[in-house]
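Colleague: Before I plan anything at the bench, I would like to go through this model with you and hear on what grounds each term is applied.

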Amino acid sequence: MAEIDNLKTMILALCEKNGWIWKSHIESVVRYSLELADKLDSDKKVVELAAWLHDIEKLEGKRENHHITGAKKAEKILKTMNYPEETIEKVKHCILTHSSDKNYPPKTIEAKIVASADALSHFDNFLALAHSCAVRGESIKETKQSLSRKYESCWDKLMPEAKIMADTKYNAIKLILGEKQVLDKRRL
Ligand SMILES: [Fe+2]
Ligand SMILES: [Fe+2]
């Protein structure tokens, strides 16, 4: 079994413990990362490893600074799998910079891809994000405000190639949130 398959098995087992939304999130981050890596001149192996590992700390129940502690955790895991030092450093940078922390902006193409893929996956999870607002006890008005802020920050995180991929969904979400008006063609 290839090392990457061991990693997938480990992450998917963690997703299983955390509920369906996590499997869907991680798999879509991997899928979007690989799609962007195909379009751009980048190290596909680094992108794939970072996509699988980017939320490892959240999957283990540690939310605070998960990008910082997650980069260290990924280093430990990848060392045990004998990945080259250079690959490990590149993966660490992707994980450290994926979560919109202004102190750690993505500097490499691989890091920009993983940060974009992370944001892209949220455009597929509108209902899950709305549901989590309801679970937190937010009113309809608060839910609209939370979702509006969330999607604006996701949009800002996207690289130009990813903005093209998310454009239709972003506009649809803005329409649902009442931030965009559509002309009713039947009345024209
Ligand atoms: Fe994250
Ligand atoms: Fe994520």
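Colleague: What makes Thr 97, Ser 100, Pro 106, Asp 156 and Lys 157 stand out in the lining of the second largest pocket?

Modeller: Those five lie nearest the centre of the second largest pocket, which 14 residues line. On a 1 Å grid over the protein atoms alone, a pocket is an open set of points where a 1.4 Å probe fits, with protein on both sides within 12 Å along at least five of seven lines, and a lining residue has an atom within 4 Å of a point. This is a predicted model, in which local features need pLDDT of at least 70 and side-chain atom pairs pLDDT 80 or more, whereas totals for chains, interfaces and linings use all residues. Residues are numbered from 1 along each chain, chains are lettered from A and ligands numbered from 1 as written, and side-chain values use heavy atoms, without hydrogens and water.

Colleague: How much space lies in the second largest pocket, and how much in the largest?

Modeller: The second largest holds about 240 Å³ and the largest about 840 Å³, a volume being the space filled by probe spheres set on the grid points. The largest pocket has 27 lining residues, with Lys 58, Arg 63, His 122, Leu 129 and Lys 150 nearest its centre, and H9 gives the largest share of that lining, six residues.

Colleague: How do you know that H9 has the span expected of a helix?

Modeller: The expected span is 1.5 Å times one less than the number of residues; for the 18 residues of H9 that gives 26 Å, and the end C-alpha atoms are 26 Å apart, so the two agree.

Colleague: Which atoms coordinate the iron ion (ligand 1), and at what distances?

Modeller: Asp 55 (OD), His 66 (NE2) and His 98 (NE2) do, at 2.1 to 2.2 Å, which falls within the 2.8 Å allowed for N, O and S donors (3.2 Å for Na, K and Ca); water is not among the atoms, so sites may look incomplete. Asp 55 also bridges to the iron ion (ligand 2), the two ions lying 3.7 Å apart. Because Asp 55 sits in the loop between helix H3 (44-53) and helix H4 (56-59), and His 98 in the loop between helix H6 (85-96) and H7, the pair ties together parts 43 residues apart in sequence.

Colleague: Why is Asp 55 called buried?

Modeller: Buried means under 20% relative accessible area, exposed over 50%, and partly exposed in between (1.4 Å probe, protein chains only). Asp 55 has 3%, so the term buried applies, and His 98, at 1%, counts as buried too.

How values were computed:
Helix = DSSP H or I, 4+ residues; strand = E, 2+ residues; numbered from the N terminus.
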